[in-house]
Amino acid sequence: MAKNKAPGTKGRPMDDHDIARYRATLEARLAALAEEDDLGREGRKVVELDQQSVGRLSHMDALQNQAMARAQGVRRAQEVKRIEAALARIEAGDFGYCTECGDAIGPERLAVDPTLPRCVSCTRG
């Protein structure tokens with residue numbers, strides 16, 4: 001982790017305390033996503049077509065809820081991948097640096113979303 005000289009808080013280089021704080025934030029979000037995924041599992045189950053117990057409109061509502069639950073699951077999976085990539089950059093000592101140009105990512109940007117892999121310039125293109 002010696003490379004992490006990217007700006008930390010208050011303009012100083014990022015230190016082990018900053019890295020530990022980002023790691024804890026990322027790991028906590030990863031745990032929260034796993035819990036949300038467990039809770040959303042019921043909503044993604046196959047909707048049974050039983051006209052006796054569920055009317056047509058209720059069935060349509062159930063299908064819509066299922067589609068929304070699946071979409072949320074996809075979004076959670078994408079966020080998990082971004083978090084895992086950020087944790088891998090921490091392990092490699094590359095966290096806080098743009099994956100394209102190698103410049104430091106601003107601390108304000110990382111404070112908003114520590115999973116961001118690129119600086120503002122590279123994001124804008």
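Biologist: A charge sits over a ring if NZ of Lys or CZ of Arg is within 6 Å of the ring centre and within 35 degrees of the ring normal. Over the ring of which residue does the charged end of R21 sit?

Modeller: Keep in mind that this is a predicted model, where local features need pLDDT (the predictor's confidence in each residue, from 0 to 100) of at least 70 and side-chain atom pairs count only at pLDDT 80 or more, while totals for chains, interfaces and linings use all residues. Residues are numbered from 1 along each chain as its sequence is written, and side-chain values use heavy atoms, with hydrogens and water left out. The charged end of R21 lies 5.0 Å from the ring centre, and that ring belongs to Y22.

Biologist: Thanks! What is the mean pLDDT of the chain?

Modeller: In this chain, 76% of the residues reach 70 or more. Where pLDDT is low, the predicted coordinates should not be read in detail. The mean pLDDT of the chain is 83.

Biologist: Which residue forms an aromatic pair with Y22?

Modeller: Rings of Phe, Tyr and Trp (its six-membered ring) pair if their centres lie within 6.5 Å; planes under 30 degrees apart count as stacked, over 60 as edge-to-face and the rest as tilted. Here the centres are 5.0 Å apart with 55° between the planes, so the pair is tilted. Y22 is in helix α1 (residues 16–40), and its partner, 73 residues away, is in the loop between α2 and α3. That partner is F95.

Biologist: Is F95 buried or exposed?

Modeller: Buried means under 20% relative accessible area, exposed over 50%, partly exposed in between (1.4 Å probe, protein chains only). F95 has a relative accessible area of 0%, so F95 is buried.

Biologist: Which residues does P114 touch, leaving out those up to four places away in sequence?

Modeller: P114 is in the loop between α3 and α4, and its 12% relative accessibility makes P114 buried. Contact means heavy atoms within 4.5 Å. The residues touched are Y22, T25, L26, A86, R89 and F95.

Biologist: Which residues are joined with R29 into one network by salt bridges?

Modeller: A salt bridge is a side-chain nitrogen of Lys or Arg within 4 Å of a carboxyl oxygen of Asp or Glu. R29 has a bridge to E36 at 3.3 Å and another to E79 at 2.9 Å. E79 lies in helix α2 and R29 in helix α1, so their bridge ties together parts that are 50 residues apart in sequence (helices are DSSP runs, H or I, of at least four residues, numbered from the N terminus). The residues that share this network with R29 are E36 and E79.

Technical notes
Helices (H or I, at least four residues) and strands (E, at least two) are DSSP runs, numbered from the N terminus.
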